[in-house]
Amino acid sequence: MSVLEIRDLHVSVDTEQGAKQILRGVNLTINQGETHAIMGPNGSGKSTLAYAIAGHPKYHVTSGSILLDGEDLTEATVDARARAGMFLAMQYPVEIPGVTVTNFLRTAKTAIDGSAPPIRTWVKDVRTSMEALRMDRAFAERNVNEGFSGGEKKRNEILQLELLKPKFAVLDETDSGLDVDALKIVSEGVNRAKSNTDLGVLLITHYNRILRYITPDFVHVFVAGQVVESGGPELAVQLENEGYDTYVAASAAAAAAIASAEAADASSGAADAAASVSPTVNA
Amino acid sequence: MSNVAPPSQAEQKPHTDGGWHNVPVQTRSERFGSVDVADFVEPTGREVDWKLTPIRLIGDLISGELDGSPFDDALTVAQPVDGFALSWIDRTDVRIGSAGLPEDKASANAWSHFDQALAIDITGKQPSSEYVVSRSGLGTVARAAHTVITAAPNSRGIVVLENSGDARIAENVEIVVGEGASVTVVTVQQWNDSAAHLASHFAQVGRDATLRHIVVSLGGGVVRVNPSIHLSSPGSATEAYGLYFADAGQHLEQQVYIDHEAENSRSRVKYKGALQGEGAHSVWIGDVLIRQSADGTDSYEENRNLVLSEGTRADSIPNLEIETGNIVGAGHASSTGRFDDEQLFYLQSRGISEEEARRLVVRGFLAEIIQQIGSADVEERLTRAVEAELTVV
C-alpha cells in the first residue's frame, strides 16, 4: 500500500519583490485509495501546494519534505516525481504546439512505464477512455490543448490521469470553469481511476460542488499556507454554509501572535506559535 | 518573361515636384529587375527586401567582385541516375534567363559574375527517382554561381541540391518546369557557421505542371534563399515548403514570392522554423500576387515559428495582393509561439525528461515539412540533422 506524506512543508515563491513565503508548515498523509479534499479561500496557497508537490521550478521548498512510500521526492526533478507515481491535473493546462495528443500520450506512457505500451491494447485503451470522457476522436490528432475549450482541457487532463495510472493525483481546481455536465463527466473519470487503480487523490477546490460527485474521505481547511482544520465530508457542508470567515479571522490572529512572538523571541518560536494556535480554531 | 532589362533603377529620374522618388514600390509586380549589377543602387538597409538582412556582413556578396569560375572540385554528384543529366553551359546558352530576372543587387551581382552555369536536366518519368548534387568546401573567397534546372514536358523526379562546408556565395537558380511535368527541387543548407549564402531561385511553371519547391536551412552564418515562383501558364501549380532551424548568432532568411499570372493556378506555401539561442534570427516574407489575369486562383500561404529560448527573433511578414475577385481562394496565416518553461513543466509532469520534451516538440513541429520531401534518404538525414541542432544549446 502506497502512502504520500507531506511533512512540515514550507514553500516560498519568487516574486518581483523577492521570495515570498506561501506555505507555512503543511502536514498531510494520504494513503492509496483515499480522497482528501483541500478547501480554502483565494490566495491561501492551495495551488502552491499542488505545484510544490509536482516540483514546479518557481516554488522553493525552504523546509520540510515530500515522501512517497518513504522515498524523499523533495529534491527530485519534475519528471522523476511523475515516474515515481505522482500526477498533477493542472488548473490551466498549457498548449504544446506541434505535438499531437496521440504522440504526447504515447511518449508519456513510455516514459512512465519505462517501455513503449503494446500498440494494440494501447490504441484501444486510449479510445475507450476518450469515449468515456465524451471526447471526439478528432482530439487525438490535435495538438495538445491547442484551441481546446476550458472544459476540453480539463477532460484531457483526466484522460491522462486514466491512462498514465499514477499512484497519487493532485487535482488543482479541476472543477473550475466546468458546467454541470462536464463536471459530471470529469468526476466520473476520476472515480473510474480510483476504482481501477486504487488511486489516492488530493482534490483542491473552492467549492463543495465537485464533492457531490467525488466523495472525499477527509476534508482539510487550508488558510494562510496551513491546514487549520481537518474533518470528514461534513466539514465541506459546514464550509459551504458558513464560508471561511472564521478561519481567516483566526488565522489573522495567529499571524499577529506569530509576529509578536517573533518580535519577542526572534529565534525558532514561530512554528511553535503557529502550532499552538491551531487547536483554538477547532474549539 | 523577357530577358531584356527595363531601364536602370539608377537612371530613373525623380519627380521634380516633391520628394516622392523615395516612395517604395507598392506592388510586387512593379519591382525593378535587371541582370546587371550596375543597374541597382547600393542597398542602405532600409529597403523592403533588405531591411531585415544584416547587410554589413555580406557587402562583398552584394556588390563586390565575385569569383565566377566553375567549382568542379567542390561538386559531388551521386552516380548517374536515369532521367537526369548534368553539364556546365556557357553564359550564352538559351536556357539562361528563361525563368526570371534578379530583383536585388546581390542576385544581379551573381548574374554579372558567373562564368559558366551548371545545368541539370530532368527527363525521366519516375516520380520517386532522385538526383543529389552536393557542394562542399567552396572556400572562403566570395563566389558567384548560376544553376539552371530544366524539367522536360511531362517529366517526373526529385533534384536535391545539398550544401555544406565553407562558402561565401551569391547565386541564382533558375527552374523551368515544362508542360505537364511534376518535379521536386529541394535545396538543403548545412553550411559551416561562418558561411554566407545568398540565393535567388526563379521558377517558371508550365501548363498543368507542378513544382514542389523545398528550402531547408540549418547551417550557415547568413543564409538567404528567396524563391520567386511564376505560375505563368493555365493550370500551373506549386507547393513551396520551407524548414529552418536558427541557432545562436545565425541569420536564416527566405523571401517567397508566388506570382499567379495565369488562370486556374494553385499555390500552397508553408514555412516552419525553430529558433534557439542568443541572436538566432529568422526572416520569412511571403508575397503572393494574384494578377487580374489569374481567374480561378487558389492560394494559401503560412509561416509558423517555434521559439525555444530567450534572445531570438523571428520576423514573419505575409503579403497578399489580389487584383481579381474571381478566385477560388486566397489566404494567409502566420504565428510565432514560444516553447517555454510552463510547457516544459507540463511535459515533465507527465514523466517526460527535459531533453525528450524539447525533441518531442521540435520534431513534431518540423516533421510536417520534412515529410513533404518525398525521399526517404533525405528525410531521414534531415530528421537526424534537426535533432543534432537540438543538442547544441
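A salt bridge, as the term is used on this tour, is a side-chain nitrogen of Lys or Arg within 4 Å of a carboxyl oxygen of Asp or Glu. The model on the screen is a predicted one, and every distance and accessibility quoted along the way is computed from it.

**First stop: a salt bridge at helix H1 of chain A**

Select A:Lys46 and A:Glu173, whose side chains meet in a salt bridge with an N to O distance of 3.9 Å. This pair links distant parts of the chain, since A:Lys46 belongs to helix H1 of chain A while A:Glu173 sits in the loop between strand E7 (168–172) and helix H6 (180–197), 127 residues apart. A:Lys46 has a relative accessible area of 5% and is therefore buried, and A:Glu173, at 9%, counts as buried too.

Now extend the selection to the whole of H1, residues 46–54 of chain A: nine of its nine residues are buried, so the helix is largely enclosed by the rest of the structure. Among the buried residues of H1(A) are A:Thr48, A:Leu49, A:Tyr51 and A:Ile53. Step past the end of the helix and you arrive at A:Gly55, which follows H1(A) and has a positive phi, near 95°.

**Second stop: the rings around A:Tyr51**

Over all chains, a search of the whole structure finds eight aromatic pairs. One of them is formed by A:Tyr51 and A:Tyr59, which are stacked, with 5.4 Å centre to centre and 10° between the planes. A:Tyr51 counts as buried at 14% relative accessibility, and A:Tyr59 counts as buried at 16%. For a contrasting geometry, select A:Phe139 and A:Phe148, an edge-to-face pair with 4.8 Å centre to centre and 80° between the planes; both of these phenylalanines are buried.

Which residue of chain B forms one aromatic cluster with A:Tyr51 and A:Tyr59? Adding B:Phe345 to the selection completes that cluster, and it also brings the second chain into view.

**Third stop: A:His56 and its partners**

Select A:His56, in the loop between H1 and strand E4 (59–68) of chain A. Its relative accessible area is 6%, so A:His56 is buried. Leaving aside neighbours within four places in sequence, A:His56 is in contact with A:Tyr51, A:Val78, B:Glu342 and B:Phe345. With B:Glu342 there is, in addition, a polar contact of 3.0 Å between the side chains.

**Fourth stop: the interface of chains A and B**

Colour the two chains separately and display the residues that touch across them: the contact takes 33 residues from chain A and 17 residues from chain B. The size of an interface is often given as the accessible area lost when the parts come together. Here chain A and chain B bury about 2,000 Å² between them, with 69% of it on carbon and sulfur atoms.

How many salt bridges does the rule find across the interface of chain A and chain B? It finds one, and to see it, select B:Arg350 and A:Glu157, whose closest N and O atoms are 2.6 Å apart. Ten residue pairs are found in polar contact across this interface. On the side of chain A that touches chain B, the elements giving two or more residues are H1, helix H2 (78–84), strand E6 (86–89), helix H3 (101–113) and helix H5 (150–164). The largest share of that side, six residues, comes from H3(A).

**Fifth stop: charged groups within chain B**

Over all chains the count comes to 33 salt bridges. Select B:Asp121 and B:Arg95, one such pair, with closest N and O atoms 3.1 Å apart. B:Asp121 lies in strand E3 (residues 116–122) of chain B, and B:Arg95 in the loop between strand E2 (84–90) and helix H2 (105–113), 26 residues apart. B:Arg95 counts as partly exposed, at 24% relative accessibility.

Move on to B:Asp104 and B:Arg224, which form a salt bridge at 2.9 Å between the closest N and O atoms. B:Asp104 lies in the loop between E2 and H2 of chain B and B:Arg224 in strand E11 (residues 222–231), so the pair ties together parts that are 120 residues apart in sequence. B:Asp104 is buried at 7% relative accessibility, and B:Arg224 is buried at 2%.

Finally, select B:Lys270, B:Lys272, B:Glu302, B:Arg304 and B:Glu368, which salt bridges with shared partners join into one network. B:Lys272 also lies over the face of B:Phe365, at 4.6 Å from the ring centre. Elsewhere in chain B, the charged end of B:Arg28 sits over the ring of B:Tyr257, 4.0 Å from its centre.

Notes:
Residues are numbered from 1 along each chain as its sequence is written. Chains are lettered from A and ligands numbered from 1 in the order in which they are written. This is a predicted model: local features need pLDDT of at least 70, side-chain atom pairs count only at pLDDT 80 or more; totals for chains, interfaces and linings use all residues. Side-chain values use heavy atoms; hydrogens and water are left out. Buried means under 20% relative accessible area, exposed over 50%, partly exposed in between (1.4 Å probe, protein chains only). Helices (H or I, at least four residues) and strands (E, at least two) are DSSP runs, numbered from the N terminus. Rings of Phe, Tyr and Trp (its six-membered ring) pair if their centres lie within 6.5 Å; planes under 30 degrees apart count as stacked, over 60 as edge-to-face and the rest as tilted. A charge sits over a ring if NZ of Lys or CZ of Arg is within 6 Å of the ring centre and within 35 degrees of the ring normal. Contact means heavy atoms within 4.5 Å. Buried area is the accessible area (1.4 Å probe) that two parts lose on being put together, summed over both. A polar contact is a pair of N or O atoms within 3.5 Å; within protein, one must be able to donate a hydrogen and the other to accept it, and residues adjacent in sequence count only if both atoms are side-chain atoms.
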